Amino acid sequence: MNDRHIPPTSPLIFFGRRLAELRKAQGVSQEQLALISGIARSYVSGVERGQRNISLLNILRLAQALNLPPVALLEPPEQKK
């Protein structure tokens with residue numbers, strides 16, 4: 001997927017922002033999250049940029065790696081001030 005074709009209101013963008021927000025709040029790097037979850041770092045990066053249409057199984061892996069309920073990843077990201 002090309003960034004310019006992804007609308008800023010895309011659910012993929014919102015999911016990626018939320019994942020990055022939760023990951024950073026725990027002080028976890030993309031590399032660490034990738035290692036803990038068993039998902040490639042480049043894939044995690046693509047998800048955070050809204051370039052990947054993540055599967056349910058990978059949502060579950062990421063939630064488990066962050067010790068969060070999967071629903072936490074589906075909540076809207078915090079509004080930028």
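# A tour from Arg-18 outwards

Begin by selecting Arg-18 and Glu-75, whose side chains form a salt bridge in which the closest N and O atoms are 2.9 Å apart. Arg-18 belongs to helix α1 and Glu-75 to the segment after α5 (70-74), so this pair ties together parts that lie 57 residues apart in sequence. Keep in mind throughout that the model on the screen is predicted.

Stay on Arg-18 and colour the two residues by accessibility. Arg-18 has a relative accessible area of 8% and therefore counts as buried, the cut-off for that label being under 20%. Glu-75, at 37% relative accessibility, counts as partly exposed.

Next, add Glu-21 to the selection. Arg-18 forms a salt bridge with this residue too, with the closest N and O atoms 2.5 Å apart, and the side chains of Arg-18 and Glu-21 are also joined by a polar contact of 2.5 Å. Both residues lie in helix α1 (residues 11-25), where they are 3 residues apart, about one turn of the helix. Glu-21 is partly exposed, because its relative accessibility is 22%.

Now show what else surrounds Arg-18. When neighbours within four places in sequence are left aside, Arg-18 is in contact with Ala-72, Leu-73, Glu-75, Pro-76, Pro-77 and Glu-78.

For the next stop, select Arg-23 and Glu-48, whose side chains meet in a salt bridge with an N to O distance of 2.6 Å. This pair links distant parts of the chain, since Arg-23 sits in helix α1 and Glu-48 in helix α3 (residues 41-48), 25 residues apart. How buried or exposed are Arg-23 and Glu-48? Arg-23 counts as buried at 7% relative accessibility, and Glu-48 counts as buried at 12%. Salt bridges that share partners join Arg-18, Glu-21 and Glu-75 into one network, and the count of salt bridges in the model comes to 3.

From the charged pairs, move to the nonpolar interior. In soluble globular proteins, nonpolar side chains tend to be buried together. In this model the largest nonpolar core has 18 residues, and those that touch the most other members are Leu-19, Leu-33, Ile-54, Leu-62 and Leu-73, which make a useful selection here. Helices α1, α2 (30-37), α3, α4 and α5 each supply at least two residues of this core, with the largest share, 4 residues, coming from α4.

Centre the view on Leu-73, which appears both among the core residues with the most contacts to other members and among the contacts of Arg-18. Not counting residues up to four places away in sequence, Leu-73 touches Phe-15, Arg-18, Leu-19, Leu-22, Ile-59, Leu-62, Ala-63 and Leu-66. Showing these residues together therefore brings the buried Arg-18, at 8% relative accessibility, back into view.

Finish on the surface by selecting Leu-56, Leu-57 and Leu-60, which make a nonpolar surface patch of about 310 Å². Where does Leu-60 lie? Leu-60 is placed in helix α4 (residues 56-65), and the largest share of the nonpolar core also comes from α4. With 38% relative accessibility, Leu-60 counts as partly exposed, a value that lies over the 30% required of residues in such a patch.

How values were computed. Residues are numbered from 1 along each chain as its sequence is written. This is a predicted model: local features need pLDDT of at least 70, side-chain atom pairs count only at pLDDT 80 or more; totals for chains, interfaces and linings use all residues. Side-chain values use heavy atoms; hydrogens and water are left out. Patches are made of residues with over 30% relative accessible area and no salt bridge: like charges are joined within 9 Å, nonpolar side chains (Val, Leu, Ile, Met, Phe, Trp, Tyr) within 5 Å. Accessible areas come from the Shrake-Rupley method with a 1.4 Å probe; for residues, only the protein chains shown count as cover. A salt bridge is a side-chain nitrogen of Lys or Arg within 4 Å of a carboxyl oxygen of Asp or Glu. Buried means under 20% relative accessible area, exposed over 50%, partly exposed in between (1.4 Å probe, protein chains only). A polar contact is a pair of N or O atoms within 3.5 Å; within protein, one must be able to donate a hydrogen and the other to accept it, and residues adjacent in sequence count only if both atoms are side-chain atoms. Contact means heavy atoms within 4.5 Å. A nonpolar core is a set of buried Ala, Val, Leu, Ile, Met, Phe, Trp, Tyr and Cys residues joined through side-chain atoms within 4.5 Å.
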